[in-house]
Amino acid sequence: MKLRAILAILVCGMCSFATASNFTTTEPLKLEVPEMKAELVSVPATDVLTLDMKAPEASPKMDFDFFKSKTNPGVKPYKFMDDMTFVGVPLFIAGMLIKGDKAMFRVNNKDGKKNTQLLTDFKTGIDDYTQYFGPALTVGLKLGGYEGRSDWPRLLASAAMSYGLMAALVNGIKYTAKEMRPDGSQANSWPSGHTATSFVGATLLHKEYGLTRSPWFSVAGYGVATATGVMRVLNNRHWVSDVMSGAGIGILSTELGYAFSDLLFKGKGLLRNDLQMDFENPSFFGISMGVGLGGKDIDFSLADLQDREKYGIMEIGDVESEDSRIQFRAATVVDAEGAYFFNKYIGVGGRLRVRAMSAKSFGQFNYISTDDPTDYWSTMVAPVYEEARQTFPLASLSEGGLPVTNLTGTVKSDHLAEFTVSGGLYFNIPLSKQFALGTKLLIGRSFTQELDIDGHAEGNVKDIPYDLWVSNGKIYEDETGRWFILQDPKSTGETYNVDWDYVTLGAKSSTSWGTGISLTYKYKSNFSWRLFVDYDYTKKTFTLTGDTFNFMKHAVTPTTYDLLNTSIVSPFYMLLDPIVYKKEKKMNYVTIGLSFMVNL
């Protein structure tokens with residue numbers, strides 16, 4: 001064992017000596033550092049996405065610092081009048097120009113009030129709350145720590161000046177012009193305070209969050225403000241002119257309020273600047289409000305009367321009658337519209353248009369609004385034909401004989417509303433970076449919501465005995481030319497209370513064609529205002545149904561009704577049954593309005 005260990009040690013030692021001896025002649029390793037020279041070189045352009053290395057925003061925190069001023073670094077100050085668009089001016093002027101279109105179909109002089117007595121049955125109180133949608137959302141976002149354009153002191157100052165200017169303008173004009181409201185309640189109709197208030201709030205939201213955060217805040221604000229104005233008209237509280245002028249005052253007041261804040265605060269209290277987006281493509285989404293002109297009267301003639309043979313009318317000329325003319329005021333028009341452009345010049349899109357025309361005259365059906373049922377009876381029944389004065393003596397319908405004690409009408413809808421869905425080609429002609437001309441060619445479908453007035457009558461059921469001359473089963477005339485004579489009405493002891501469709505006017509759906517011309521002003525990188533004039537054409541078949549004496553089925557006994565509703569008493573034969581007219585009419589509409597658009 002010892003010998004083996006000694007031999008192993010000797011072998012290892014010899015191997016180590018031999019390996020080390022191989023490096024006895026090797027030179028040391030030298031490290032050479034190349035010479036470095038600074039020089040400019042060109043770098044080829046590459047399509048590289050530039051990343052914004054800004055630190056991510058912290059989560060919003062509740063903000064209750066109402067009196068603490070704060071200014072974020074790097075925010076560019078606004079100049080005085082920097083954001084003025086003056087779009088409120090044409091809106092106000094448009095309302096003023098159509099202010100005279102308020103002729104009323106029935107005048108009530110009670111208590112000095114001159115207003116229509118046929119009031120729409122549409123009532124909603126939503127508009128009392130939607131007028132505050134803009135400021136409520138703005139304050140809510142601000143309290144939640146979601147920064148907008150201004151800090152609290154600057155925001156409150158801008159809002160206070162905006163509402164102050166609006167209140168001064170609205171009230172100053174209201175109590176100077178003294179325009180009577182449609183419902184006759186007060187002489188302070190023009191301009192609409194609710195609409196002005198709602199558009200101030202919408203513009204506040206637009207300034208604070210629509211311009212700095214997302215354009216859809218602006219769409220929401222102006223959409224609700226527009227709906228508020230429309231509801232004021234439907235509620236019979238304002239005319240279209242009041243709403244248009246109110247919207248103009250609201251926008252103008254807010255722009256002036258912010259302009260004065262920019263002058264007073266300068267660069268203090270600013271948290272965010274406007275979003276900067278480069279939209280060369282003119283694709284858009286917009287909402288608009290306008291005034292509809294044209295196609296305001298619908299005349300019905302004897303040629304349009306249905307079942308003419310029933311009345312003994314066979315051959316007649318196409319003669320229009322003022323008694324059967326339905327007249328309308330200027331229409332309220334509201335649009336939602338959008339288009340996608342393939343390039344700067346041409347695109348495709350669509351439009352949803354709601355046009356509401358309120359009636360100012362119902363022709364021969366106006367008389368139901370009279371206060372005195374005796375007067376109504378005498379003006380609508382007896383004088384229709386001279387013969388009626390002989391066959392139905394007014395003396396017999398005097399006190400104690402009249403079967404009607406209360407006769408009124410309620411307008412369920414005094415608007416002929418049209419809903420039109422259209423699509424087609426849109427064209428754009430750039431004039432500069434900010435201005436462009438546009439036009440379109442649209443085709444769509446138009447649907448009509450009918451005008452509807454309900455009648456209400458109540459009273460005592462009467463039986464009217466009569467004497468009829470009959471010989472050999474045939475009716476003959478007496479020496480005065482009369483076939484029969486009516487006796488004084490007798491009460492049956494029963495009462496009646498009835499509601500019915502007094503008059504309705506509607507139309508079938510039809511194809512609609514549209515075009516127009518517009519001028520677009522791009523006042524921000526992602527917002528535009530558009531002034532437009534549209535022309536729409538459609539051919540509609542209108543049906544007018546007047547059921548004036550429906551209540552007579554309940555007011556008299558069946559025997560009396562059968563007598564009055566036969567050809568024996570010719571005047572009443574034409575009146576007791578519903579009168580139906582049908583007319584095909586070409587409707588030509590012109591709409592002038594203003595659009596608020598988001599560039600997409």
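Two residues are in contact when heavy atoms of theirs lie within 4.5 Å. Keep that idea in mind as we walk through this structure, which is a predicted model.

Let's start with the whole chain. The protein chain has 600 residues, and 47% of them are buried. Along the chain you can find 13 helices and 17 strands. Now think about contacts between residues with a separation of 6 or more: 82% of these contacts in the protein chain link residues 24 or more positions apart. On the outside, the protein chain exposes about 30600 Å², and carbon and sulfur atoms supply 60% of that area.

Next, let's look inside. In soluble globular proteins, nonpolar side chains tend to be buried together. Here, the largest nonpolar core holds 38 residues, and the members touching the most others are Phe328, Leu505, Phe551 and Met552. Strand S14, which covers residues 490-507, contributes the most to this core, with 7 residues. Another core of 25 residues lies apart from it, and among its members are Val87, Ala202, Val240 and Val598.

Finally, let's zoom in on one residue, Thr420. You will find Thr420 in strand S7, which runs over residues 415-430. Is Thr420 buried or exposed? Its relative accessible area is 9%, so Thr420 counts as buried, since the cut-off for that word is under 20%. And which residues does Thr420 touch, leaving aside those up to four places away in sequence? Its partners are Arg351, Leu352 and Arg353, together with Arg445, Ser446 and Ser512. Try finding each of these residues around Thr420 in the structure above.

Conventions. Residues are numbered from 1 along each chain as its sequence is written. This is a predicted model: local features need pLDDT of at least 70, side-chain atom pairs count only at pLDDT 80 or more; totals for chains, interfaces and linings use all residues. Side-chain values use heavy atoms; hydrogens and water are left out. A nonpolar core is a set of buried Ala, Val, Leu, Ile, Met, Phe, Trp, Tyr and Cys residues joined through side-chain atoms within 4.5 Å. Buried means under 20% relative accessible area, exposed over 50%, partly exposed in between (1.4 Å probe, protein chains only). Helices (H or I, at least four residues) and strands (E, at least two) are DSSP runs, numbered from the N terminus. Accessible areas come from the Shrake-Rupley method with a 1.4 Å probe; for residues, only the protein chains shown count as cover.
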